[in-house]
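Visitor: I should like to discuss the structure shown below, beginning with its ligand site and then turning to its core and one of its sheets.

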Amino acid sequence: MLKLPNEFTAKYRKLLGPKADQLFAAMNDKEPKKAFRINALKQKQDIGYALSKPVLGINNAYYGQVSGSDPEWVSGMVYSQEPAAMFPAQIAQVKPGEKVLDLCAAPGGKSTALAEQLRGDGLLVANDISSSRTKVLRENLERWGVTNALITNESPARLAQHFNNFFDKIVVDAPCSGEGMFRKNPDAVSYWSQDYVLTCQSRQKEILAAATEMLRPGGELIYSTCTFAPEEDEQIVSWLAQTYNFEILPITLSNTNCAAGNPDWADQNPALTNTVRFWPFDELGEGQFVARLQKPASSVITKAKSQRQKRKREKASTRHLTNQEVELIAPVLKPFNLPSALSEWSTRCLVSHDHVFLPALTTNIAHLKILNNGFELGLLKKNRFEPSHQLAMVLSQVEQKQVLELNQPDFAAFLHGETLRGQDKKMQGFILLSYQHLIFSFGKNTRDGVLKNFYPKGLRILKKD
Ligand SMILES: C[S@@+](CC[C@H](N)C(=O)[O-])C[C@H]1O[C@@H](n2cnc3c(N)ncnc32)[C@H](O)[C@@H]1O
């Protein structure tokens with residue numbers, strides 16, 4: 001039983017009237033909803049979960065539970081996500097070729113969906129302020145097979161110094177008081193106070209002020225939270241409309257159980273009914289608020305010059321591949337069918353500190369904390385080339401022949417980091433590995449039947465004793 005603070009229950013009784021009891025009952029009595037999305041970037045494969053309960057309004061999404069050692073997860077075929085949290089990326093309606101920023105992106109639920117909509121064409125900048133969470137964001141985007149993301153670990157204000165009036169779309173899935181997640185994460189209740197709600201509100205304004213600078217005139221901002229608090233929802237949207245003259249755009253969702261935002265909970269701007277609220281008593285998922293706004297076409301928001309950091313000249317720390325290096329890489333890639341995103345890799349790839357990569361962006365980023373820029377093909381080592389894990393995750397976008405299917409014990413042993421013996425010797429060198437026909441890693445097969453482990457150390461699953 002959730003012990004909700006008295007101040008919380010009194011507040012929502014006042015705001016919701018008799019519906020408040022429905023809210024408290026849903027928060028107390030029902031299990032949190034679990035769901036997953038199937039990756040449309042990868043080759044279609046059968047997966048082992050029941051697909052009988054679709055999440056209405058979201059393509060390729062179903063109710064069900066995913067475990068971190070399932071082949072579906074390890075191969076990047078599915079992403080586990082709370083159903084209501086799937087809507088902000090859907091509402092963004094990203095088109096291939098657009099420049100998109102996911103400003104508070106970790107662990108990557110929205111970013112994986114935004115990248116899917118871009119289909120490898122355009123740019124996704126996926127940023128988070130927390131370095132440990134940005135690491136997980138990188139792992140999730142890599143697993144998902146994304147080739148065109150710049151992954152950064154910056155504060156919104158620093159990012160704004162590099163990207164002025166730049167993005168077509170910005171998603172701000174803001175840090176919030178998390179009321180909508182109380183039944184999923186009961187510990188969050190202990191942080192709650194009305195003061196905390198107001199602290200979150202001022203942080204959201206700071207983040208959004210930076211976002212408004214980065215959005216191009218006419219560009220769209222998708223703002224979402226997982227809290228019910230009007231101070232962080234309708235009141236933030238009315239602040240954006242008043243302060244920056246943003247228009248609150250309608251949201252069209254088909255076949256979905258959600259409610260409209262409430263103008264009475266802010267400045268009574270009738271356009272606030274264009275925003276949407278997901279309540280746990282609607283049976284779809286947890287709590288979520290989403291707004292879609294447009295920056296005025298004529299507006300260019302720039303910081304005062306005195307505040308802007310002087311840009312130092314960027315040093316050219318990257319170079320193109322030499323012919324010798326191309327000759328080293330080509331035989332490693334030859335057995336594989338390359339997806340179109342990797343076409344003409346030999347002329348398009350850059351090298352930085354022996355990392356061979358296809359950049360998502362090359363200009364104006366030298367001073368950013370970057371975890372990955374685009375697509376890492378692999379690493380040049382003395383007279384040899386080692387393909388990256390990201391390459392394995394991207395190769396599963398198209399049909400492959402150089403694939404070794406493992407049995408369950410070998411799959412589990414490989415995830416623990418073990419070297420396997422007695423495998424099929426027909427395929428030599430780097431090969432893709434699959435379990436239940438889902439490609440999850442590279443391995444290297446030697447002539448004497450030893451399969452070396454190339455599953456990244458940071459992703460390995462500890463062995464249970
Ligand atoms: C609700 S979570 C984002 C969830 C993510 N969008 C997803 O779908 O997986 C909010 C994120 O905001 C980040 N954050 C916290 N304070 C921030 C700030 N001042 N600026 C930018 N991001 C911040 C947190 O590290 C956290 O990862």
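**Ligand shell, core and sheet**

Visitor: Which helices each supply at least two residues of the shell around the ligand?
Guide: This is a predicted model. In it, 18 residues surround the ligand, and the closest are Cys104, Gly109, Ser130, Asp173 and Pro175. The helices that each supply at least two residues of this shell are H5 (109-118) and H8 (194-214).

Visitor: How many residues of the shell around the ligand are nonpolar, polar and charged?
Guide: The shell comprises 18 residues. By residue class, they divide into 5 charged, 4 polar and 9 nonpolar.

Visitor: Which helix gives the most to the largest nonpolar core?
Guide: That core has 114 residues, and Leu114, Ile170, Val172 and Met214 have the most contacts inside it. Leaving aside neighbours within four places in sequence, Leu114 is in contact with residues including Ala89, Val100, Asp102 and Val171. The helix that gives the most to the core, with 6 residues, is H8.

Visitor: Which strands stand at the edges of the open sheet of 5 strands?
Guide: The sheet has mixed pairing, and its order is S19-S21-S22-S23-S20. Each edge strand has a single partner strand, so one side of each is left without a neighbour in the sheet. The edge strands are S19 (403-405) and S20 (420-421).

Visitor: Which residue in S23 stands opposite Arg421?
Guide: Strand S23 covers residues 450-453 and pairs with S20 in the antiparallel sense over 2 bridges. The residue of S23 opposite Arg421 is Val450.

Note on methods:
Residues are numbered from 1 along each chain as its sequence is written. This is a predicted model: local features need pLDDT of at least 70, side-chain atom pairs count only at pLDDT 80 or more; totals for chains, interfaces and linings use all residues. A residue is near a molecule or strand if its C-beta atom, placed from the backbone, lies within 6 Å of it. Helices (H or I, at least four residues) and strands (E, at least two) are DSSP runs, numbered from the N terminus. Ala, Val, Leu, Ile, Met, Phe, Trp, Tyr, Cys and Pro count as nonpolar, Asp, Glu, Lys and Arg as charged, and the others, Gly among them, as polar. Two strands pair if DSSP finds at least two bridges between them. A nonpolar core is a set of buried Ala, Val, Leu, Ile, Met, Phe, Trp, Tyr and Cys residues joined through C-beta atoms within 7 Å. A residue is buried if 20 or more other C-beta atoms lie within 10 Å of its own, exposed if 12 or fewer, and partly exposed in between; C-beta atoms are placed from the backbone. Two residues are in contact if their C-beta atoms, placed from the backbone, lie within 7 Å.
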